[in-house]
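Good morning, colleagues. Today I should like to take you through the helix packing of one structure, then its ligand shell and some points of backbone geometry.

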Amino acid sequence: MADGMLEVLDDISGEGNRRFRLGLRDGAAVEAVVYGGDALCISSQVGCAVACPFCASGARGFGRNLELDELVGQVMTVRGLVNGIVRVTVSGIGEPLHNHQRVVAFTEWARTVGLPVSLTTSGGPLARLRPWLELHPHRGLTISVHAGTEAVRAQMVPHGPSLTALFGVLGQTVPGLGRGRRRKVALAYLLMAGINDHEAEIDAFVERVRSLRLKLHLYAFNPVPTNDLEPASEARYQQIAARLRGDGFDVRRSSQARRRANGGCGTLVAARSASSPNALPVLQ
Ligand code: SF4
């Protein structure tokens, strides 16, 4: 890791996205991907403990938190390979709030080099979500919800906060946010066939989010080899987007870049080092 750079183990670029597997000093690896030529998505952990069933990043469990120099190193390394990166999102492998202090330090470093940072979180720990809502500077905070009922939330985000707890904090904080800060917060809903795409689940979701007046990100699912789950059909995806817009929500759908095979929510993969004592299996 000379000069803060990470070893580029693999270049999985194609179809518009530039995606790289990056080696860490202990032999573990994470991935980073450039969307649309200018937005770099980096990882915050080796693996993830939240265990969302649709996600390849957490499918092999949790390895370890990334150090600050490894967060910075992803930016330095990919910037050395791809020109024109103007923003960073901590939305790759890992739950950023589980590596809270280093992610805060990373956003401070990024500000010093003129890179705005956004992040995606499953919401917990809630005590760490609150300062991201109210205090920490960021360009965007996307909170993954993926459900309207507790049963489906427990299925989709097994080790994230319950909807009751999550919306309790949102209900206490969002109404007090200034307009500019509120506009940077979004709620995400990843549509999975037969799990959370039926009308009753969407109804329940709408009831929870209606009063918050936050932007909604409706994500299409990119199938990954670590599970056999299926995306909602394109027709259903468009139908739900139209329904939410009809209900008055500002709905953003997945960009084309995030629907490509080498990008999108939950597609990045981690590997641990062969000598690491952690439980994450080695990828071949
Ligand atoms: S979707 Fe995010 S929070 Fe869930 S397992 Fe994957 S990396 Fe972790």
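Let me begin with a pair of helices in this predicted model. Helices α1 and α2 cross in a right-handed sense. The first of the pair, α1, covers residues 68-81, and α2 covers residues 100-112; their axes come within 9 Å and cross at roughly 45 degrees. An angle under 35 degrees would count as roughly parallel; α1 and α2 are therefore oblique to each other.

Which residues of α1 and α2 meet? On the α1 side they are L68, L71 and V72, and on the α2 side R102, A105, F106 and W109. Sorted by class, this contact of α1 with α2 comprises 6 nonpolar residues, 1 charged residue and no polar ones. A general remark may help in reading such lists: residues three or four places apart in an α-helix point the same way, because there are 3.6 residues a turn.

The second pair is α3, residues 126-134, with α5, residues 163-173. Here the axes are 11 Å apart and the packing angle is about 30 degrees. With that angle under the limit of 35 degrees, α3 and α5 are therefore roughly parallel to each other. The crossing of α3 and α5 is again right-handed. From α3, the contact draws on L126, L129, R130, L133 and E134; from α5, it draws on A165, L166, V169 and T173. The classes in the contact of α3 with α5 are 6 nonpolar, 1 polar and 2 charged.

I turn now to the ligand. How many residues surround the ligand? There are 12, and the closest are C48, V50, C52, C55 and G58. The shell around the ligand divides into 6 nonpolar, 5 polar and 1 charged residues.

Some backbone details deserve attention. As background, most residues other than glycine have a negative phi, and most peptide bonds are trans. A51, in the loop between β5 (45-47) and β6 (62-65), has a positive phi near 65 degrees although it is not a glycine. The peptide bond between G124 and P125 is cis, with omega at about -5 degrees. P125 sits in the loop that runs between β8 (117-121) and α3.

Finally, helix α8 spans residues 234-246, and its 13 residues reach 18 Å from first C-alpha to last, close to the 18 Å expected at 1.5 Å a residue. After α8 comes G248, with a positive phi near 95 degrees.

Thank you for your attention.

Methods. Residues are numbered from 1 along each chain as its sequence is written. This is a predicted model: local features need pLDDT of at least 70, side-chain atom pairs count only at pLDDT 80 or more; totals for chains, interfaces and linings use all residues. Axes are lines fitted to C-alpha atoms, for helices over the stretch in contact, and angles run from 0 to 180 degrees between N-to-C directions. Helices (H or I, at least four residues) and strands (E, at least two) are DSSP runs, numbered from the N terminus. Angles under 35 degrees count as roughly parallel, over 145 as roughly antiparallel, 65 to 115 as roughly perpendicular and the rest as oblique. A crossing is left-handed if the near helix is turned anticlockwise from the far one by less than a right angle, and right-handed if clockwise. Two residues are in contact if their C-beta atoms, placed from the backbone, lie within 7 Å. Ala, Val, Leu, Ile, Met, Phe, Trp, Tyr, Cys and Pro count as nonpolar, Asp, Glu, Lys and Arg as charged, and the others, Gly among them, as polar. The expected span of a helix is 1.5 Å times one less than its number of residues. A residue is near a molecule or strand if its C-beta atom, placed from the backbone, lies within 6 Å of it.
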